[in-house]
Amino acid sequence: MNDAHDKTGGHRRTRAAGVALGTLALLGALTATGCSAPDSGTGPAGDRVPGQTVDDRWVEGVTPGWMSGHMGVDIPAVAQGARAGYQVTSRFDTGVLTFTLTRSQARAFLAAYPPAGELLEPTAAVTDVRTHDFRHLGVPEPESFKKGMRYGSVCPGADPTASPDPLADPYGTSDTGCVSLYAHDYAPDRTRIYLRDHYEPGISPLPETPPTSSPTR
């Protein structure tokens, strides 16, 4: 059963050194759009190394619907293979969501959530990807692809013609709710959508862990 409409209350987001995306080694293109890369080595996300602190943990009970509610991005009813995760650290939290669509469905999805600025295409794939966000969900990191990849920032409810202004909040904390988006055409008629967002620790209420059932004797 698709739980895409399992919405959660509002929260204060952290864009972790800007909302435009990842370690795609496209500093020139990102500069042109006025965005910095959250996983490029600058700011909270870039400082994170897997296993860096003992406080890092992936929250149990996180569903795609719960995560889409926090991001403000609906999962299309026709989406397949929806997966989500939420990682808590001592410095900032990271939410990730992924699902697949047909090419035509992906175009409709991107039309419903237009990027802030233009979708960019990488000039090269990144061989040394520092993040392991989506690997936790069993899929490759989007930064590791060059062919068939587009990426940008989606700001639900914001003016789609306005580009994020990194000078407006130099510390990377914002209430605008922009989400990093990647769209990867991985098969002739299939597109995987990746969504990543950063949050201040402890701000978002976490789902309750389901109780462990006692074994039947």
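**A guided tour of the predicted model**

Buried residues account for 47% of the 217 residues in the protein chain. The model is predicted, and the tour begins with the whole chain before turning to its parts.

**The whole chain**

Display the protein chain as a cartoon: it has four helices and eight strands. Followed along the sequence, these elements come in the pattern β-α-α-β-α-β-β-α-β-β-β-β. Among contacts between residues at least 6 apart in sequence, 73% join residues at least 24 apart. Switch next to a surface view. The protein chain exposes about 10,500 Å², of which carbon and sulfur atoms supply 54%.

**Confidence**

Colour the chain by pLDDT. The average is 72, and 61% of the residues score at least 70. Select residues 1-12, where the pLDDT is below 50; this stretch nevertheless has 32 contacts in the model beyond near neighbours in sequence. Then select residues 166-175, over which pLDDT stays under 50 and for which the model has 13 contacts beyond four places in sequence. Where pLDDT is low, the predicted coordinates should not be read in detail.

**Strands 2, 3 and 4**

Select strand 2, residues 57-58, together with strand 3, residues 80-88; the two pair in the antiparallel sense over two bridges. To find one of the bridge partners, select Trp 58 and look across to Gln 87 in strand 3.

Keep strand 3 selected and add strand 4, residues 93-101. Strand 3 and strand 4 pair in the antiparallel sense over six bridges. Within this pairing, Arg 83 stands opposite Thr 98 in strand 4. Trace the backbone from strand 3 onward: a hairpin of four residues joins strand 3 to strand 4.

**Helix 4**

Now select helix 4, residues 103-112, and show its side chains. Which residues of helix 4 are buried? They are Ala 106, Phe 109 and Leu 110. These three lie on the same side of helix 4, because they cover an arc of only 95 degrees around the axis. An α-helix has 3.6 residues a turn, so residues three or four places apart point the same way.

Rotate the view to the face turned away from the buried side. There, helix 4 carries the exposed residues Arg 107, Ala 111 and Ala 112.

Finally, return to the buried side and ask what the buried residues of helix 4 pack against. Their partners are strand 4 (93-101), strand 5 (149-154), strand 7 (179-187) and strand 8 (190-199). Strand 4, already met as the antiparallel partner of strand 3, thus appears again here, packed against by the buried residues of helix 4.

Technical notes. Residues numbered from 1 in each chain as written. Predicted model: local features only at pLDDT ≥ 70, side-chain atom pairs only at ≥ 80, totals over all residues. Heavy atoms only, no water. Buried < 20%, exposed > 50% of the residue type's maximum accessible area, 1.4 Å probe, protein only. Arc of directions from axis to C-beta. Contact = heavy atoms within 4.5 Å. Pairing = 2+ DSSP bridges. Areas by Shrake-Rupley, 256 points an atom, 1.4 Å probe, with all protein chains shown as cover. pLDDT = per-residue confidence, 0-100.
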